[in-house]
Amino acid sequence: MGQITRQQRNTYLQDGGSRCPFCGSQSMASEVVMYDRLTGEIHCQIECIKCHKDWVDIFALTNIRDCR
């Protein structure tokens with residue numbers, strides 16, 4: 001994993017995770033690594049196809065809706 005600065009993290013979160021926090025590329029690959037039922041968090045391993053740096057996105061359960 002790379003060293004993500006506070007500014008890189010903030011920019012990445014503000015952009016909704018649409019660009020690599022290191023090089024700004026939109027070419028990224030991901031896979032679900034872990035789901036924690038106790039915290040409701042899903043951890044996804046992300047890798048930038050351009051610069052080959054990787055990091056983990058953390059998603060938290062914030063809401064539910066009916067499927068109908």
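This passage describes the sheet of a predicted model and one acidic residue within that sheet.

The sheet is a good place to start. Three strands form an open sheet in the order β1-β2-β3, and their pairing is antiparallel. The edges are taken by β1 (28-36) and β3, each of which has a single partner strand, so one side of each is left without a neighbour in the sheet. From one strand to the next, the twist averages 25 degrees. In general, the strands of a sheet pair through backbone hydrogen bonds, in either a parallel or an antiparallel sense.

The two pairings can be taken in turn. Between β1 and β2, eight bridges support the antiparallel arrangement; one of the residues involved is Ala29, whose bridge partner in β2 is Glu47. Strand β2, which covers residues 41-48, is also antiparallel to β3, here over seven bridges. In this second pairing, His43 lies opposite Ile58 of β3.

Each pairing comes with a hairpin worth a look. Four residues lie between the strands in the hairpin of β1 and β2, where Gly40 adopts a positive phi near 75 degrees. The hairpin of β2 and β3 has five residues between the strands, and there His52 has a positive phi near 65 degrees. For His52 the positive value occurs in a residue other than glycine. His52 belongs to the loop between β2 and β3 and is exposed, because its relative accessible area of 57% is over the 50% cut-off.

Attention now turns to Asp57, which sits in strand β3 (residues 54-60), one of the edge strands of the sheet. Asp57 is buried, yet has no salt bridge. The nearest side chain of opposite charge belongs to Arg9, and lies 11 Å away. Because a salt bridge requires the charged atoms to be within 4 Å, Arg9 at 11 Å does not qualify as a partner for Asp57.

What does the side chain of Asp57 make a polar contact with? The partner is the side chain of Tyr12, at 2.8 Å. Tyr12 also appears among the contacts of Asp57 when neighbours within four places in sequence are left aside; the others are Ile42, His43, Cys44 and Ile46. Among these, His43 is the residue already met opposite Ile58 in β3. The picture for Asp57 is thus of a buried acidic side chain without a salt bridge, but with a polar contact to Tyr12.

Notes
Residues numbered from 1 in each chain as written. Predicted model: local features only at pLDDT ≥ 70, side-chain atom pairs only at ≥ 80, totals over all residues. Heavy atoms only, no water. Helix = DSSP H or I, 4+ residues; strand = E, 2+ residues; numbered from the N terminus. Buried < 20%, exposed > 50% of the residue type's maximum accessible area, 1.4 Å probe, protein only. Lys, Arg positive; Asp, Glu negative; His and termini not counted. Polar contact = N/O pair within 3.5 Å; in protein donor to acceptor, adjacent residues only side chain to side chain. Contact = heavy atoms within 4.5 Å. Pairing = 2+ DSSP bridges. Axes fitted to C-alpha atoms, helices over the stretch in contact; angles between N-to-C directions.
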